[in-house]
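New page in the notebook. I want to look through this structure piece by piece and jot down what I find.

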Amino acid sequence: MQKDQKNKIVIIGGGYAGLNALKKLAKDQDNEIVLIDKKAYHFMQTDVYDLIANEHDFAQVSVDLFTYCMGFDQNVTFLKEEIKSVDFKNKKVISDRKRINYDYLIIAVGARTKFFSNIVGLREYAYGVKSLHRAMYFKQKFEMSLFQKIDQEGTYCKPLNIVIAGGGLSGVEISAQMASFAQEFYKNNHFLCRKLNIILVNSSEHVLKGLDEKLAKFSEEHLNKLDVTIKKNAKVQSLTPTTVSLTNGEEIEMDFMIFAGGIEPNGLIFNLKLSKNQQGYLETNEYLQSIDYEDVFVVGDCTTIYDKNQNRLPPTADIAEQMGRCAAKNIMRKVTEKKLVKHKVRQRGILIALGRRYACGKVFGFYLHGFPAYVMKKMIEKFYLFKLDKHSKKGCQKIFCTPQD
Ligand SMILES: Cc1cc2nc3c(=O)[nH]c(=O)nc-3n(C[C@H](O)[C@H](O)[C@H](O)COP(=O)(O)OP(=O)(O)OC[C@H]3O[C@@H](n4cnc5c(N)ncnc54)[C@H](O)[C@@H]3O)c2cc1C
């Protein structure tokens with residue numbers, strides 16, 4: 001029997017989870033897919049450390065979503081809209097300007113930096129790195145501060161103090177990258193003024209709590225080698241424009257601070273009338289469907305899931321990608337009235353950037369560190385970009401080619 005109507009699938013969020021779902025769903029011409037993102041680009045957060053260390057510019061850590069979607073057949077459209085709410089009963093997603101119908105919905109809006117309201121001055125004086133504009137602003141401020149020290153203070157300069165709060169994956173990567181960037185910066189130019197203090201504030205005894213112990217130990221040793229000062233068992237209590245007070249009573253002078261001490265689901269999630277866990281993340285079943293509506297799937301950092309041994313899976317790009325593919329598969333099975341499959345999402349490995357051309361990690365049970373780990377991390381990033389680039393190039397050709405071409 002010929003189908004007369006296409007399956008309209010709306011994906012909110014063009015991050016790692018959303019784009020992986022899109023790619024799988026787009027293969028079937030019976031699917032009409034609308035990708036919606038409040039930004040015009042996909043931001044590769046996993047490469048932020050290279051942006052900060054000036055190895056990449058912003059174009060190398062972002063992918064234009066319009067040209068990317070143009071690279072698929074006619075069945076994929078991109079809309080740049082911020083979704084404000086969803087009418088689940090009437091199956092519509094709602095922005096300030098539009099109401100878009102769906103048959104199936106994938107919510108993939110990710111997470112944002114949680115600026116805790118009980119930390120005085122946090123929102124005003126700290127930077128986050130989960131959005132490209134904040135990461136860029138911070139990178140420019142960092143470089144400008146280094147320059148000003150040299151330009152204005154010359155030989156007698158005071159050290160530049162940068163505080164990073166949060167010893168998780170992003171806090172560790174950024175501390176290491178900034179420390180090694182500064183080492184190179186001073187080495188290359190023989191400046192007299194050459195003091196940069198990087199202070200990492202960590203709430204527990206060791207960094208990377210909850211991650212593989214060997215990797216955590218290795219990372220901490222490497223941070224020590226890079227001269228990063230780690231304040232252990234301490235949290236940020238309050239900030240002024242020039243100081244950070246810690247819960248252990250210490251007060252640190254600072255030029256600026258990055259807050260990597262917590263995330264929360266993106267704003268839209270707060271407005272949705274769906275089941276959530278205590279931390280506010282959307283709850284899903286083993287098929288990645290929302291608990292409340294079977295035509296709604298939730299993937300990536302805006303939900304929390306567990307592996308088959310009931311270990312809570314961390315919010316990583318790899319896990320978001322696996323979830324995106326699984327939700328797409330289950331939508332296709334629903335369309336064809338097949339039994340849904342339980343997700344088999346698992347942590348396949350982790351690679352931690354620890355400064356220029358240095359990393360450590362564990363992949364499929366094997367440890368690696370130093371330059372080989374760095375090369376592996378780069379290869380994964382390049383492969384990810386290569387896959388996106390294929391569609392972006394096609395999209396570009398479509399837009400700029402004349403019909404005769
Ligand atoms: C500094 C740093 C380093 C990291 N390093 C690694 C690493 O090495 N390896 C790793 O695996 N993971 C790493 N991560 C984690 C990884 O980036 C995240 O887990 C991943 O981005 C989650 O993907 P996602 O698709 O759920 O969300 P995101 O990638 O955050 O995408 C969500 C999308 O939703 C859009 N959106 C949000 N709200 C709305 C709305 N209301 N309407 C429309 N669109 C909306 C956003 O604009 C965004 O494009 C790192 C994160 C950071 C910050």
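**Entry 1: a pair of hairpins.** I started with a single pairing: Val 93 stands opposite Ile 100 in β8. The model is a predicted one, by the way. Val 93 falls within β7, which covers residues 92-95, and β8 covers residues 99-101. I looked up how these two strands run, and they pair in the antiparallel sense over 3 bridges. The link from β7 to β8 is a hairpin with 3 residues in it.

Then I went to the other neighbour of β7. Strand β6, residues 83-87, pairs with β7 over 4 bridges, again antiparallel. One of the partners I noted is Asp 87, bridged to Lys 92 in β7. What does Lys 91 do in the hairpin of β6 and β7? Lys 91 takes a positive phi near 55 degrees, and this hairpin has 4 residues between its strands.

**Entry 2: the domains.** I checked the domain assignment next. It gives domain 1 as 7-113 + 264-350 + 379-400, and domain 2 as 122-261. Over C-alpha atoms, I find 32 Å between the two centres.

Where they meet, 13 residues of domain 1 are in contact with 16 residues of domain 2. On the domain 1 side, α2 (48-52) and β10 (111-113) each supply at least two residues. The largest share there comes from α2, with 4 residues. I sorted that side by class and got 8 nonpolar, 4 polar and 1 charged residues.

**Entry 3: a parallel sheet.** I followed an open sheet of 5 strands, and its order reads β11-β18-β12-β13-β14, with parallel pairing. Which strands are at the edges? They are β11 (126-127) and β14 (229-231), each pairing on one side only. I looked closer at β11: 2 bridges join it to β18, residues 256-259. In that pairing, Tyr 127 has Ile 258 of β18 as its bridge partner.

**Entry 4: the ligand.** I saved this for last. How many residues surround the ligand? I have 33 written down, and the closest are Gly 13, Gly 15, Gly 110, Gly 300 and Thr 316. The elements giving two or more residues to this shell are α1 (16-25), β2 (31-37), α6 (169-189) and α9 (317-335). By class, the shell has 14 nonpolar, 11 polar and 8 charged residues.

Why do I place the ligand between the domains? Domain 1 and domain 2 both give residues to its shell, so the ligand lies between them.

Definitions and conventions: Residues numbered from 1 in each chain as written. Predicted model: local features only at pLDDT ≥ 70, side-chain atom pairs only at ≥ 80, totals over all residues. Near = placed C-beta within 6 Å. Nonpolar A, V, L, I, M, F, W, Y, C, P; charged D, E, K, R; others polar. Domains from an automatic or database assignment. Pairing = 2+ DSSP bridges. Contact = placed C-beta atoms within 7 Å.
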